[in-house]
Amino acid sequence: MQSPSDTQHQPNELINSTSPYLLQHAHNPVHWRMWSDEAFAEAVERDVPVFLSIGYSTCYWCHVMERESFENEAIASLMNEKYVCIKLDREEHPEIDEIYMAATTITTGSGGWPMSVFLEPEQRRPFWAGTYFPPEPRYGRPSFPQVLDSLSDAYKNKRAEVIEQSQAIADAVGEQIATDQQPVPVGIKHIQGAVAGLLRRFDRVNGGFGGAPKFPQPVFMELLLDARLLVDADTKEAIDQSVKMTLDRMGTGGIFDQVGGGFHRYATDEFWLVPHFEKMLYDNGQLLNLYARAAEIYDDAFYKRIARRTADYVLREMRDQSTDAGTTGFYSAQDAEVNHREGQNYLWTPDQIRMALEHQDDAEFAIRIYGLDAGTNFQDPHHPDEPASNVLRFDKRPDLLAADLGMTLEAFHAKLDPINERLYAARALRDQPRMDDKVICAWNAMLISGLTRAGVVLDERRYLEAARHGADFLLDTMRTPDGQLARSRRDHQSTIAAGLEDHSILLEALINLAVAENDDSLWTPIEQLFISSRKHFESAPGVYHDTREDRTDLFIRPRTLHDGATPSGVGVMALVMARMVEISGEDRWSDWAVDSLNGVSASIATNPISVANSTRALIAMMTQKDRIGDRYAFAGAASDEQQPTPKGPVTVFVSEEEVVVSDDTPASFSVALEIDKPFHIVASDPGGTDAAKLLIPLRVGLIEGQGVAVYAQYPDGEPFGEGENLISVHHGRIEFEVAIEKADGIGPTPGEPILGITFQPCDESQCLAPVTVRLPVKLKIE
């Protein structure tokens, strides 16, 4: 794991680390220190600031900055003279990374790695931050030596201003990731808002949520799949379309390793074609779980194949092959570059395909289905003079490719699988990407959940056995010298205590495994881990923090609710509590689940997509209202219970304030909508075009509760648009009748039935988010 310059310098303090990332820098001429009280004390004694460099072993730009600056004698001399320099592995210390990433995004508007942060050493507060800096001015950025000189001068000659700025940044960081929140009522309207927001973000052409670079974001799709239980039929269909298109495009794209299996970190384009080539365990654990879940929901053979190939990739490449799978844990990541070249190991030319395959018809088959006959699709942006090549990908699902070739799907895979085996064997002869072989508790737990679900869905016993071996390793071996659960382990050493993220995600994995295997022996460690989590991370009922209360090396105690590439420990804990309500049926779990929901409710109300796992916890609790009872008063669908019609281009009227239904007597009332110009709303039957399928139609129905069936005589819409963009809409004023019949057990959730109307306003250029309004009609059931 050492850099090419290993033999040129005496090692610095990092040589004593077990982190592959820190060991890469152990022979830099920079006098790197590890994060410690002693390093900060040295800075105080020397009266110099701290330069904190945060990254991880498979980070491409971290390698670039090392080669350009940290191995440069002159720049290293400047760093050593004017700073105490600390190098930190963000994967070992996500809580420290989270704090200083917040500072970086607050001060610069963006973030990334390598993170370059300058701290005053007394309180460890940042006074300036950035990411990558070149050795000379470039890309519109100052040179790294310019940054070093100017900030050293400011610390020396403008100390009061520096301290004042560090306090201001620290206060802003605290506001962002460490604020106490007062509980607020949350309910179905926030779930509807999350679903509507995600469907609005959905890329209707390429799948996914947002543009380039395009990340998998499995937590968004998990939220949508959860929400299927609480939405109407049309929204459910829109969810299914968005999830299936995204899974299809990822599974056929270059972000999936078509030869070796497993997913790369993200796509650099909006098409899922060219990946950033590093492979992370946390991505593959979460995506394995997602594809296996989707395979079960949709009974889809393609998703089963992707899940199987992802699991097989991890079991083949991301572990110590000298032991049974899982018994020594799973490795963290594979690097993006080989020989300083991005993705070199994964790229192909037609001639390389032909050389790897004995038979010409196999070679031409591979060249065709993997798109090499359409020309090259990859040019290394860092080495533009080198020949272009290809990332292997399908241009459609395998069943459609097989049909194009006049083959059955079984015959297609029977031909493709041995071709992939030979391509993989040829690829294995190349120089391989560097492996980060440390074992991280939370990431292993994500994989355990994925292997567990895949084992059940695919009826694959070896996946379940690997999951159990992995769980036993985390419980028995991932321990610090004083017996606490450890964050990471390498070279038989575990010195860093686990944080909330590790505890909550491991709890989730153990629960999944216990339920899948009907294994009562796991409930004792689950109980012990839960007690430990509450003891170390809970400051008030339901209020969890990322770190332990006794941490003295941080200027705040972070409490991160945002779900990013890895899930929020706070959000997963809320989800675990909600799940245990259903599994255990015990009152204590209902009480704890309500406490946890209160602890995250303000963030759900503000941005339910950002805190997707917290919103998933709300969904889980809303499906168990009978068990929660009167412990929690869920918010209704209206944004204001006294004024149900929200501000916007549509006003809603009803003809009755109350209707009564019984076994033999239905009821009816009329609904009128006035639509302001220049808006229209999507009709109840928007049409059969692709554009129509991705919009939310006009619907009246139960948004909460049970006990009635709802029917509406929707008016016909008017045509709007042309061709594939043709949809049916309403303008101006419309009015229609709604009929209600008594129907025991019908409705999205237990409880009193509440009516709502959903519509999506659009104008000539864009569609607004779908709106669900509570209708002010009281339903009385006799």
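Where in the chain is Trp-272 found? In this predicted model, Trp-272 is located in the loop between strand S5 (266–267) and strand S6 (275–276).

## Residues with positive phi

The backbone of Trp-272 has a positive phi of about 65°, although the residue is not a glycine. Most residues other than glycine have a negative phi, and most peptide bonds are trans. Trp-272 has a relative accessibility of 0% and therefore counts as buried, the limit for that class being under 20%.

Asp-299 also has a positive phi, near 50°, and is likewise a residue other than glycine. Asp-299 belongs to the loop between H11 and H12. With a relative accessible area of 61%, Asp-299 is exposed, because that class begins over 50%.

## Cis peptide bonds

Two peptide bonds that precede proline call for attention here. Trp-113 and Pro-114 are joined by a cis bond with omega of about 5°, and Pro-114 lies in the loop between helix H5 (94–108) and S3. The bond from Ala-212 to Pro-213 is cis as well, with omega near -10°. Pro-213 has its place in the loop between H8 and H9.

## The four-stranded sheet

Strand S3, which follows the loop of Pro-114, takes part in an open sheet of four strands with the order S2-S1-S3-S4 and mixed pairing. The edges are formed by strand S2 (84–89) and strand S4 (125–130), each of which pairs on one side only. On average, neighbouring strands of this sheet are turned by 25° against each other, direction ignored.

Between strand S3 (residues 115–120) and S4 the pairing is antiparallel and comprises five bridges. One of the bridge pairs is Glu-120 with Arg-125 in S4.

## Strand pairing around S24

Strand S24 (residues 733–743) runs antiparallel to strand S18 (residues 667–675), and eight bridges join the two. Within this pairing, Ser-668 has Ala-739 of S24 as its bridge partner.

S24 also pairs with strand S21 (residues 707–712), again in the antiparallel sense, over six bridges. In S24, Val-738 stands opposite Ala-712.

## Packing of H9 against H11

Two packed helices are described by the angle between their axes and the distance between the axes. For H9 and H11, the angle is about 30° and the axes are 10 Å apart. H9 is therefore roughly parallel to H11, as the limit for that description is under 35 degrees. The crossing of H9 past H11 is left-handed.

H9 contributes Pro-218, Met-221, Glu-222, Leu-225 and Asp-226 to the contact, while H11 contributes Gln-286, Leu-287, Asn-289, Leu-290, Arg-293, Ile-297 and Tyr-298. By class, seven residues of this contact are nonpolar, two are polar and three are charged.

## Packing of H12 against H16

The axes of helix H12 (residues 301–317) and helix H16 (residues 409–428) come within 15 Å and cross at roughly 25°. H12 and H16 are therefore roughly parallel to each other. H12 passes H16 in a right-handed crossing, whereas the crossing of H9 with H11 is left-handed.

On the H12 side, the residues in contact are Arg-305, Arg-309, Arg-316 and Glu-317; on the H16 side they are His-413, Leu-416, Asp-417, Asn-420 and Tyr-424. Five of the residues in this contact are charged, two are polar and two are nonpolar.

## Tyr-331 after H12

Tyr-331 lies in the loop between H12 and strand S8 (333–334). Its relative accessibility is 17%, so Tyr-331 counts as buried. Apart from neighbours within four places in sequence, Tyr-331 is in contact with Leu-281, Glu-317, Met-318, Arg-319, Asp-320, Met-435, Asp-436, Asp-437 and Lys-438. Among these partners, Glu-317 also takes part in the contact of H12 with H16. Tyr-331 and Tyr-303 are 28 residues apart in sequence, and their C-alpha atoms are 24 Å apart in space.

## Burial of H23

Helix H23 (residues 612–622) is mostly covered, with eleven of its eleven residues buried. Including Asn-613, Ser-614, Thr-615 and Arg-616, the buried set also holds Leu-618, Ile-619, Met-621 and Met-622.

The buried residues of H23 pack against six named helices: helix H8 (188–201), helix H9 (218–227), helix H11 (281–298), helix H21 (569–584), helix H22 (587–606) and helix H24 (625–628). Two of these partners, H9 and H11, also pack with each other.

Methods
Residues numbered from 1 in each chain as written. Predicted model: local features only at pLDDT ≥ 70, side-chain atom pairs only at ≥ 80, totals over all residues. Heavy atoms only, no water. Axes fitted to C-alpha atoms, helices over the stretch in contact; angles between N-to-C directions. Parallel < 35°, antiparallel > 145°, perpendicular 65-115°, else oblique. Left-handed = near helix turned anticlockwise from the far one by under 90°. Contact = heavy atoms within 4.5 Å. Nonpolar A, V, L, I, M, F, W, Y, C, P; charged D, E, K, R; others polar. Pairing = 2+ DSSP bridges. Buried < 20%, exposed > 50% of the residue type's maximum accessible area, 1.4 Å probe, protein only.
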